[in-house]
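Here are some notes to read alongside the model, set out as numbered points. Please keep the sequence and the coordinates open as you go through them.

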Amino acid sequence: MHLNLLSFILAAPWVVSALPTIAKTPDIPSRLSPLKFANTSTLLNVAYYESGPSNGSAVILVHGFPYSIDAFVHVAPLLTEKGYRVVVPYLRGYGETSFIYPDTSRSAEQAALGSDIIALMDAINIEKAIFAGYDWGTVAVNVAAALWPERCNGHVAANSYLIQNRDTAWAPLDPESEALRWYYYVFLTARGAASLASSPKSWARSLWQKNSIGWEFSEDYLDLTATAFENPDYVDIVLNFYRNRLLYVPGDPKYTDLAAQLDAQPPISVRSVTFDPENSVVFPPTNGSSTAKYFTGSRCHYILPNIAENVPYQAPQAFANAVFAVDSLPVDGGNYVCPQAL
């Protein structure tokens, strides 16, 4: 039976909650290597991992905070095996990605993160790609898909839609939700900045423990991930991300026009697969109906049982399946059937 998105969500809610339990993350961590580098129009020297055939359909995988490209270490080969060209960049401020000029604004505003995806595509000659991300990566892929749909061949995102309207940045959530975002406010202070600078790995451990119910990550994986925080711009980028979203620092004037477009929370018109990890704390799982208005193309939404914030590392097959699923949706937004599971 063929269903459009809204009727699928409302009439068949069992689909998003009836997914099978996903296998436990492998215990031995490994790294995506070797890295490649590309200078971009956003004045970055982007460090990225690439695998698969150069003429394959491109997929760009974008990590979150506090994580690294190695969250995708088990996803990348699953995609490569299917013939995709896989590109996994370090975000600005992470790993070996660096600013070309010392006087470039260390902005991590949403317009900058989305622009970085398009600029990297230009630099390495990718015309169109599937954009897939989680956490900060969701912000980046949301922005890139919404503002540059002609460059997006599909959109995969944890927590659906995280583009912010600055006019509502100070609109309070319920007290419990505000309390779960405690670190947003710590990073507004000089004391919070000093703490992040002195103990970035300990911050990652604390946030992983608090934001992901039941995730039994290994110390080896934390150690490996923490190498991405040794970037000299890491602290400035993290602080700017949260301070900008709470309007405590202005954006980079370079992105003024794009930032204004994003305040209108533009819809994502390309085909999309979205999912909410069941054990995520900051963004509790939903059936997708609350964000349906932001998706005007084909869209399927899922809840991932027993999975927390770091979806690609905890559930690599499900993340890869989301890419396969979005690639099977009709580009024109016509009738479609959502897979019953990822």
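1. What should the 14 residues of helix H4 (residues 110–123) span at 1.5 Å a residue, and how far apart are its end C-alpha atoms? In this predicted model, the expected span is 20 Å and the end C-alpha atoms of H4 are 20 Å apart, so the two values agree.

2. As for its surroundings, H4 is mostly covered, with 12 of its 14 residues buried. The buried residues run from the start of the helix and include Gln110, Ala111, Ala112, Leu113 and Gly114, and polar side chains such as those of Ser115 and Asp116 are also among them. Just after H4, Asn125 adopts a positive phi of about 60°.

3. On the record side, the UniProt annotation "domain: AB hydrolase-1", from an unreviewed entry, covers residues 58–167. Over that stretch the chain is 29% helix and 22% strand, and the C-alpha atoms at its two ends lie 35 Å apart.

4. A separate point concerns Ser280, which is placed in the loop between strand S8 (272–277) and strand S9 (299–304). Is Ser280 buried or exposed? Its relative accessible area is 6%, and because buried means under 20%, Ser280 counts as buried.

5. Turning to the partners of Ser280, a polar atom of its side chain lies 3.5 Å from the backbone oxygen of Phe283. When neighbours within four places in sequence are left aside, Ser280 is in contact with Asn211, Pro285, Ile307 and Ala308.

Technical notes: Residues numbered from 1 in each chain as written. Predicted model: local features only at pLDDT ≥ 70, side-chain atom pairs only at ≥ 80, totals over all residues. Heavy atoms only, no water. UniProt positions renumbered as here; feature names shortened; annotations may be inferred. Helix = DSSP H or I, 4+ residues; strand = E, 2+ residues; numbered from the N terminus. Expected span 1.5 Å × (residues − 1). Buried < 20%, exposed > 50% of the residue type's maximum accessible area, 1.4 Å probe, protein only. Polar contact = N/O pair within 3.5 Å; in protein donor to acceptor, adjacent residues only side chain to side chain. Contact = heavy atoms within 4.5 Å.
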